[in-house]
Structure formats: structure tokens, C-alpha cells
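Here are my notes on this entry, as numbered points. Please read them with the model open.

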Amino acid sequence: MPSLHPKLFHSMTAAAVIADKFPHLAVPELVHAVSVHTAGAEEMNICDRILYLADYIEDTRTFEDCVRLREYFDDGIAASSSAEERLKVLSRTMLLSFDMTIKDLIES
């Protein structure tokens, strides 16, 4: 059963709103990415991963883990010289974000 916690619930409601209010954007890949952008999912595709991480590290977020993760990602991308390396940076950053989130949930 999906969580009704506001931090997670908005991804489900946003995915439903896309189809209702923005049907021209309701392509399955986008709706799925929006629906998993807060908690992730098994076997996330590149669109899912990019939206998940973009939401997590967007510039207006200033909590310590976010700032650290954003710097980690930015430094990794800056040091990458190929698409393959950038995908590895994306994957490593996501794993770090999951670790940070799990640690935060345990502590709270």
C-alpha cells in the first residue's frame, strides 16, 4: 500500500494530475517518472533517475544532505568525460541519496 505521507503522496497525486490537467504531457514515461520521483522504484529508467535526483538536489533545497549530495553530483559530472561516466555518477549519487534518506528515516 502506498504511503500517505505528504512527502511521498504528492508524487502519486502529481502523476494523476498530469493526465487530467495536462493530457498532452501524459506520456507513460513522464507519468511514471513523476510517480516515483520521491521514493524511487526498482529498475528506474534514465528519465525516472534524472527526475528523482533533480527534485532531490534542486537549488532551493538547503538542508545539509542535499547540499552535500548536490556538490557530490556536480563535482562528479564536471570530472566526467563521457556519457558512460556521467551515468555512473548519476547512479552513485542516487545510491548515496538513498543511504542519506534511510539514515534520516531511522534517526527520526
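1. Contacts and overall layout. This is a predicted model. Residues 24 or more positions apart account for 36% of the contacts in the protein with a separation of 6 or more. The protein has 5 helices and 0 strands, so the pattern along the sequence reads α-α-α-α-α. The C-alpha trace spans about 40 × 35 × 25 Å along its principal axes. Of the 108 residues, 25% count as buried.

2. Length of α3. Helix α3 covers residues 46–57, which is 12 residues. At 1.5 Å a residue, α3 should span 16 Å. Its end C-alpha atoms are 16 Å apart, so expectation and model agree.

3. The buried side of α3. Which residues of α3 are buried? They are Asp48, Arg49, Tyr52, Leu53, Tyr56 and Ile57. These residues lie on the same side of α3, because they cover an arc of only 135° around the axis. The general rule is familiar: an α-helix has 3.6 residues a turn, so residues three or four places apart point the same way. The cover over the buried residues of α3 includes α2 (28–35), α4 (64–79) and α5 (83–107).

4. The start of α3. Here a side-chain oxygen of Asn45 comes to within 2.9 Å of the backbone nitrogen of Cys47.

5. The nonpolar core. The largest one has 12 residues. Among them are Tyr52, Leu53, Tyr56 and Ile57, together with Val36, Met44, Leu69 and Phe73. Val89, Leu90, Met94 and Met100 also belong to this core. Three elements give two or more residues to it: α3, α4 and α5.

6. Tyr52. This residue is buried in α3 and is part of the largest nonpolar core. What does Tyr52 touch, leaving aside its neighbours within four places in sequence? Its contacts are Val36, His37, Thr38, Ala39, Gly40, Met44, Met94, Ser97 and Phe98. Of these partners, Val36, Met44 and Met94 are listed in the core as well.

7. Cysteines. A search of the whole structure finds 0 disulfides. Why does Cys47 not form one? The closest cysteine sulfur, in Cys66, is 20 Å from the sulfur of Cys47, which is too far for a bond. The cut-off for a disulfide is 2.5 Å between sulfur atoms. The two residues also sit in contrasting settings: Cys47 counts as partly exposed because its relative accessibility is 32%, whereas Cys66, at 0%, counts as buried.

Conventions
Residues are numbered from 1 along each chain as its sequence is written. This is a predicted model: local features need pLDDT of at least 70, side-chain atom pairs count only at pLDDT 80 or more; totals for chains, interfaces and linings use all residues. Side-chain values use heavy atoms; hydrogens and water are left out. Helices (H or I, at least four residues) and strands (E, at least two) are DSSP runs, numbered from the N terminus. The expected span of a helix is 1.5 Å times one less than its number of residues. Buried means under 20% relative accessible area, exposed over 50%, partly exposed in between (1.4 Å probe, protein chains only). The arc is that of the directions from the helix axis to the C-beta atoms. Contact means heavy atoms within 4.5 Å. A polar contact is a pair of N or O atoms within 3.5 Å; within protein, one must be able to donate a hydrogen and the other to accept it, and residues adjacent in sequence count only if both atoms are side-chain atoms. A nonpolar core is a set of buried Ala, Val, Leu, Ile, Met, Phe, Trp, Tyr and Cys residues joined through side-chain atoms within 4.5 Å.
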